[in-house]
Amino acid sequence: MEEDFDHMISNRQIEMLKTVIPYLPYSRQRTLSMIVKITELKNTIQYFRENEQANVKSCSEDFPENRIPEMLNAIKVYCSKQEQEQIDFIFQMLMAIQMMQES
């Protein structure tokens with residue numbers, strides 16, 4: 001499975017800082033949150049500068065349709081139970097369409 005984008009622009013230290021944020025006083029939470037996001041933005045810019053043909057897939061015309069189920073499964077971990085059920089339904093519909101096209 002491909003590495004998700006957050007892991008491409010983040011590192012262990014940033015993840016530790018994110019974990020600490022809820023334990024700080026509100027004014028410190030705000031400051032540390034901004035530092036984390038600015039660092040992630042800097043890392044994103046650096047990532048794309050260093051990787052002209054970056055391995056982040058987009059939903060452009062070169063996006064293969066067979067990647068859609070993989071994409072749906074990747075986002076399910078961030079979804080509510082109801083949204084997961086909707087994704088499962090979409091997945092089943094895609095499979096049915098694919099089976100009809102193959103026959």
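This is a walk through the predicted model of a protein chain, from its overall fold to a few side chains worth a closer look.

Let us begin with the whole chain. The protein chain holds five helices and zero strands, and reading along the sequence gives the pattern α-α-α-α-α. Of its 103 residues, 17% count as buried. The accessible surface comes to about 8700 Å², and carbon and sulfur atoms own 58% of that area. If you take the contacts in the chain with a separation of 6 or more, 41% of them are between residues 24 or more positions apart.

A good place to zoom in is S10, which sits in the loop between α1 (5-9) and α2 (12-20). Is S10 buried or exposed? Its relative accessible area is 14%, and because the limit for buried is under 20%, S10 counts as buried. Leaving aside residues up to four places away in sequence, S10 touches E15 and E40. With E15 there is also a polar contact between the side chains, at 2.7 Å.

Both of those partners lead us on to charged pairs. Side chains of opposite charge can pair when their charged atoms come close. The model has four salt bridges by the rule used here. Which residues does the network of salt bridges link? Its members are E15, K18, K37 and E40.

Start with E15, which forms a salt bridge with K18, their closest N and O atoms being 3.5 Å apart. E15 and K18 both belong to helix α2, and because they are three residues apart there, about one helical turn separates them. E15 is partly exposed, at 35% relative accessibility, and K18 is partly exposed too, with a relative accessible area of 28%.

From K18 you can step across to another helix. The side chains of K18 and E40 meet in a salt bridge, with 2.7 Å from N to O. K18 lies in helix α2 while E40 lies in helix α3 (residues 26-50), so this pair ties together parts that are 22 residues apart in sequence. What is the burial state of E40? At 7% relative accessibility, E40 counts as buried. Taken with the earlier stop at S10, the picture is of a buried loop residue that touches E15 and E40, two members of the salt-bridge network.

Further along the chain, another salt bridge is worth a visit. K76 pairs with D88, and the closest N and O atoms are 2.6 Å apart. Here K76 comes from helix α4 (residues 68-76) and D88 from helix α5 (residues 81-102), so the pair ties together parts that are twelve residues apart in sequence. D88 counts as partly exposed, at 32% relative accessibility.

Helix α5 also takes us to our last stop, at M93. Which residues make the nonpolar surface patch? F89, I90 and M93 do, and the patch covers about 290 Å². Patch members need over 30% relative accessible area, and M93 has 40%, so M93 clears that cut-off and counts as partly exposed.

How values were computed: Residues are numbered from 1 along each chain as its sequence is written. This is a predicted model: local features need pLDDT of at least 70, side-chain atom pairs count only at pLDDT 80 or more; totals for chains, interfaces and linings use all residues. Side-chain values use heavy atoms; hydrogens and water are left out. Helices (H or I, at least four residues) and strands (E, at least two) are DSSP runs, numbered from the N terminus. Buried means under 20% relative accessible area, exposed over 50%, partly exposed in between (1.4 Å probe, protein chains only). Contact means heavy atoms within 4.5 Å. Accessible areas come from the Shrake-Rupley method with a 1.4 Å probe; for residues, only the protein chains shown count as cover. A polar contact is a pair of N or O atoms within 3.5 Å; within protein, one must be able to donate a hydrogen and the other to accept it, and residues adjacent in sequence count only if both atoms are side-chain atoms. Patches are made of residues with over 30% relative accessible area and no salt bridge: like charges are joined within 9 Å, nonpolar side chains (Val, Leu, Ile, Met, Phe, Trp, Tyr) within 5 Å.
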